[in-house]
Amino acid sequence: MLLLQQMAVLFFLMVLGYCMRKREILSAETAKFLSWLVVHVANPALILSGSIERTGAAAPKELGMCLGIAVLMFVGLILIAAVVTPLFRVSRESAGTYRIMMIFSNVGFMGFPVIRAVYGSEALLYASLFLIPYNLLIYTYGIREMQGAGAERTKISWKKILNVGVLSCLAALAIAIFQIPTPDFVETAVSSLSGLTAPLSMMVIGASMAEFDVRELFTDRKLLAFSAFKLLVLPVAGMLFIKLFVESEMFLGVCLVMLSTPVGSMTAMLAQQYGGDYELDSKGVALTTLLSVVTMPLVSMLVG
């Protein structure tokens, strides 16, 4: 019920952003600035809050185990995407986009706010570890898949990989492991900024949906089949498998959110920049985001 309530709140914020964009209260330029604000300020503050608000030191063994789970999860997702994507009978030009949409979810804009609301600030530290393999893969494997097999390879940009999200994750790890003290005003400022993540991110997502007819999303059978697999089959099967090896409820909760969140908005940006199917990816982000309001609580119920 708590997860359902949180998803209802996020859905309301998304509808608010959609309506504001439709009525031109929120311009495209303003939405772009709000997106920058979330990525570079609010979300890093949310990550840092996970370690600043902790009452005890984090065990390196537990952090290492969580990072290992994150790496194995992404390896598994890459293999599954390679096997399952041909079953949707998509064109060769769109196959890479489908694989990327299946692997990379909306961790920052939706995953972190949900984890904090449902599982508490302590879980954010473990969730932030997923950013390390996420960024390493999306700016290497992700770009390669978007470009296609015959395209000239783009040089790896370590500046993009080691972005503000990853750096804030590393800072949060250092604070948690070594229990580095933080002044009260820093804790208050970080807490205040982290509270911006959920409302701003969902309003930006809602505003992006105003750029096309939402009704068209529910007429694409291939995209609907893909969404059902990504939002229901994949997280349920993945969680049942992970539960065989992991007992911690907090770890399981983090894995649940990481697997069941919708397609990441970053994939659409890569598609636009590197020649992928931008229209398909944008629709995938929008459709899975809308459906996730129902599917995330459903997946949580199914896996117990």
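The following legends describe close-up views of a predicted model.

**Figure 1. Helix 13 and its kink.** Helix 13 covers residues 221-242, a run of 22 residues. From its first C-alpha to its last, this helix reaches 30 Å, close to the 32 Å expected at 1.5 Å a residue. The helix has a kink of about 35°, centred on Phe229. At the N-terminal end, Asp220 acts as a cap. A side-chain oxygen of Asp220 lies 3.2 Å from the backbone nitrogen of Lys222.

**Figure 2. The buried residues of helix 13 and what covers them.** Among the buried residues of helix 13 are Leu223, Phe226, Phe229, Lys230, Leu234, Pro235, Gly238 and Ile242. In an α-helix there are 3.6 residues a turn, so residues three or four places apart point the same way. The cover over the buried residues of helix 13 includes helix 3 (60-84) and helix 4 (92-103). Helix 14 (249-260) and helix 16 (278-302) are also included in this cover.

**Figure 3. Lys283 and its contacts.** Lys283 is located in helix 16. Because its relative accessibility is 18%, Lys283 counts as buried, the cut-off being under 20%. Leaving aside residues up to four places away in sequence, Lys283 touches Glu216, Leu217 and Leu223. Leu223 is itself one of the buried residues of helix 13.

**Figure 4. An aromatic cluster that includes Phe226.** The whole structure contains 10 aromatic pairs. In one of them, Phe88 and Phe226 meet edge-to-face, with 6.1 Å from centre to centre and 75° between the planes. Phe88 belongs to the loop between helix 3 and helix 4, and Phe226 to helix 13, so the pair ties together parts that are 138 residues apart in sequence. Phe88 counts as buried at 12% relative accessibility, and Phe226 is buried with a relative accessible area of 0%. The ring centres of Tyr98 and Phe226 are 5.4 Å apart and their planes stand at 80°, so this pair is also edge-to-face. It links distant parts of the chain, with Tyr98 in helix 4 and Phe226 in helix 13, 128 residues apart. Tyr98 is buried, its relative accessible area being 3%. Together, Phe88, Tyr98, Phe226 and Phe229 form one aromatic cluster. Phe229 is also the residue on which the kink of helix 13 is centred.

**Figure 5. A salt bridge between Arg21 and Glu211.** The structure has a count of 5 salt bridges. One of them joins Arg21 to Glu211, whose closest N and O atoms are 3.1 Å apart. Arg21 lies in helix 1 and Glu211 in the loop between helix 12 (197-209) and helix 13, so the pair ties together parts that are 190 residues apart in sequence. Arg21 counts as buried, with 17% relative accessibility.

**Figure 6. A network of salt bridges around Glu145.** Arg99 and Glu145 form a salt bridge in which the closest N and O atoms are 2.5 Å apart. This pair links distant parts of the chain, since Arg99 lies in helix 4 and Glu145 in helix 8 (residues 141-147), 46 residues apart. The side chain of Glu145 also meets that of Arg144 in a salt bridge, at 3.4 Å from N to O. Glu145 is buried, with a relative accessible area of 12%, whereas Arg144 is partly exposed at 38%. Arg99, Arg144 and Glu145 are thus linked in a network of salt bridges.

Methods
Residues are numbered from 1 along each chain as its sequence is written. This is a predicted model: local features need pLDDT of at least 70, side-chain atom pairs count only at pLDDT 80 or more; totals for chains, interfaces and linings use all residues. Side-chain values use heavy atoms; hydrogens and water are left out. Helices (H or I, at least four residues) and strands (E, at least two) are DSSP runs, numbered from the N terminus. The expected span of a helix is 1.5 Å times one less than its number of residues. The bend at a residue is the angle between axes fitted to the seven residues ending there and the seven starting there. Buried means under 20% relative accessible area, exposed over 50%, partly exposed in between (1.4 Å probe, protein chains only). Contact means heavy atoms within 4.5 Å. A polar contact is a pair of N or O atoms within 3.5 Å; within protein, one must be able to donate a hydrogen and the other to accept it, and residues adjacent in sequence count only if both atoms are side-chain atoms. Rings of Phe, Tyr and Trp (its six-membered ring) pair if their centres lie within 6.5 Å; planes under 30 degrees apart count as stacked, over 60 as edge-to-face and the rest as tilted. A salt bridge is a side-chain nitrogen of Lys or Arg within 4 Å of a carboxyl oxygen of Asp or Glu.
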